[in-house]
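Got the sequence and the structure open? Let's go through them with some questions and answers.

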Amino acid sequence: MAERFRRYAGNPILTAADWPYPANAVFNPGATRYNGEVLLLVRVEDFQGISHLTAARSPDGRSGWRVDPEPTLLPDPLRHPEEFWGIEDPRIVFLEEEGLYAVTYVAYSRGGPLVALATTPDFRTFHRLGPILPPEDKDASLFPRRFRGRWAMIHRPMPTAPGARPNIWLSFSPDLRHWGDHTVIIEARPGGWWDSDRVGLGPPPIETPEGWLIIYHGVRQTASGRIYRVGLALLDLEDPRKVIRRSAEWVFGPSAPYERVGDVPNVTFPCGAVLDPASGELLMYYGAADTCVALATAPLQDLLDYLRHCPT
Ligand code: BMA
């Protein structure tokens, strides 16, 4: 049994039927703690196929969700043409130094999906910094602090060379706007591997005494479509270019009916996680089958113990 996370008994925790206004699907939420609660910034797909983001809040991160009555962050294609076909898959990080939350999200531009950044103090007002990486690039998150004076960001550019696989990259910036020193950190493994088609960051990197815990999605191409599963890696605390460990096996993947069946079957796609200080559990929020939001939990220490036995 390779699974290291336990599904919440009340799954799925949010569906389109829970929405205060018409929605086709609600999935791939970013997550953070805000005002003593868990806040999810949920990707909502409307009936045109265009996505926006709406906040849902819960005191314990499990139940009692309250959804904003209106969209929290709508695409703004007039001022931000990169958002022409919507905004998707947010990752939320609190930047201590700025006293702000940073939201990296996919802006679906006419040139393809790219990485955009917005900051917010309160999840009511957002300040857009616009595109920070050109298309096609997705699955991006900042680290919450600088390394030797520079910000760092994980992302997943799409290679164009025939046969090249989409890998996870790391880049640095002096000011959150200009990014460089790009380097690959986690590659899709070739051949028969479960993560052979592509890999991409899930939730933002989680700082632990043993290193930055990375939860990533790995994809396999099959005769009946792609399967999106979840793996783990550990990056060096002071130099996140160094991968200390990487799980050989996936640690979570589609098996429940709501993960197997939906708009896109066989997808578990986490974009956010928060620590429950009372229990030491990591609460991982994921989109299930591009249709609804679900929760799976694992004691953080168990994940770190498991990684200690994973390949270097
Ligand atoms: C990825 C992203 C996700 C989506 C997943 C499965 O490429 O677009 O938003 O959940 O595919 O369809």
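Q: Which strand does aspartate 181 lie in?
A: Keep in mind that this is a predicted model. Strand S13 covers residues 180–186, and aspartate 181 falls in that stretch. So the strand is S13.

Q: Is aspartate 181 buried or exposed?
A: The cut-off for exposed is over 50% relative accessible area. Aspartate 181 comes in at 51%, so the label that fits is exposed.

Q: What is phi of aspartate 181 near?
A: Look at the backbone here. Aspartate 181 is a residue other than glycine, and its phi is positive. The value is near 50°.

Q: What about aspartate 139: where does it lie, and what is its phi near?
A: Aspartate 139 lies in strand S10. Its phi is positive too, again in a residue other than glycine. That phi is near 55°.

Q: Is aspartate 139 buried or exposed?
A: Its relative accessible area is 3%. Buried means under 20%, so aspartate 139 is buried.

Q: Which peptide bond joins asparagine 11 and proline 12, cis or trans, and what is omega about?
A: Proline 12 has its place in the loop between strand S1 (6–7) and S2. The bond between asparagine 11 and proline 12 is cis. Omega there is about -10°.

Q: Which residue does a cis peptide bond join to proline 135?
A: Go to the loop between strand S9 (127–133) and strand S10 (137–142). The residue placed in that loop is joined to proline 135 by a cis bond, with omega about -10°. That partner is glutamate 136.

Q: Which residue's side chain makes a polar contact with the side chain of glutamate 83?
A: Glutamate 83 sits in the loop between strand S5 (66–67) and strand S6 (87–95). Setting aside residues up to four places away in sequence, it touches several others, including Tyr105, Tyr108 and Arg128. The polar contact is at 2.9 Å, and the partner is arginine 128.

Q: Is glutamate 83 buried or exposed?
A: Being in a loop doesn't settle this, so check the accessibility. The relative accessibility of glutamate 83 is 0%, and under 20% means buried. The answer is buried.

Q: How many residues apart along the chain are alanine 31 and glycine 272?
A: Alanine 31 is found in strand S2 (residues 25–34), and glycine 272 is one of the residues it touches. Their C-alpha atoms are separated by 4.4 Å. Along the chain, though, the two are apart by 241 residues.

Q: What is the relative accessible area of alanine 31, and is it buried or exposed?
A: Beyond four places in sequence, alanine 31 touches residues including Leu39, Ile92 and Tyr285. Its relative accessible area is 5%, so alanine 31 is buried.

Q: How far apart in space are glycine 30 and leucine 53, C-alpha to C-alpha?
A: Glycine 30 also lies in strand S2, and at 0% relative accessibility it counts as buried. In sequence, glycine 30 and leucine 53 are 23 residues apart. In space, C-alpha to C-alpha, the distance is 9.5 Å.

Q: Which residues is threonine 208 in contact with, leaving aside its neighbours within four places in sequence?
A: Threonine 208 is found in strand S15 (residues 206–208). With a relative accessible area of 4%, it is buried. Its contacts are Leu213, Leu237, Leu300 and Leu304.

Q: Is leucine 129 buried or exposed?
A: Leucine 129 lies in strand S9, and it touches Leu117, Ala118, Thr119 and Arg177, not counting residues up to four places away. Its relative accessible area is 16%, and the limit is under 20%, so it still counts as buried.

Q: Which pocket does the ligand sit in?
A: The residues surrounding the ligand include Asn28, Lys138, Tyr228 and Asp290. A polar side-chain atom of aspartate 290 lies 2.6 Å from an oxygen atom of the ligand. Taken alone the ligand exposes 310 Å², and the protein buries 85% of that. The pocket in question is the second largest.

Technical notes: Residues are numbered from 1 along each chain as its sequence is written. This is a predicted model: local features need pLDDT of at least 70, side-chain atom pairs count only at pLDDT 80 or more; totals for chains, interfaces and linings use all residues. Side-chain values use heavy atoms; hydrogens and water are left out. Helices (H or I, at least four residues) and strands (E, at least two) are DSSP runs, numbered from the N terminus. Buried means under 20% relative accessible area, exposed over 50%, partly exposed in between (1.4 Å probe, protein chains only). A polar contact is a pair of N or O atoms within 3.5 Å; within protein, one must be able to donate a hydrogen and the other to accept it, and residues adjacent in sequence count only if both atoms are side-chain atoms. Contact means heavy atoms within 4.5 Å. A residue is near a molecule or strand if one of its heavy atoms lies within 4 Å of it. Accessible areas come from the Shrake-Rupley method with a 1.4 Å probe; for residues, only the protein chains shown count as cover. On a 1 Å grid over the protein atoms alone, a cavity is a set of points where a 1.4 Å probe fits but cannot get out, and a pocket is an open set with protein on both sides within 12 Å along at least five of seven lines; lining residues have an atom within 4 Å of a point. A molecule sits in a cavity or pocket if more than half of its atoms lie within 2 Å of its grid points.
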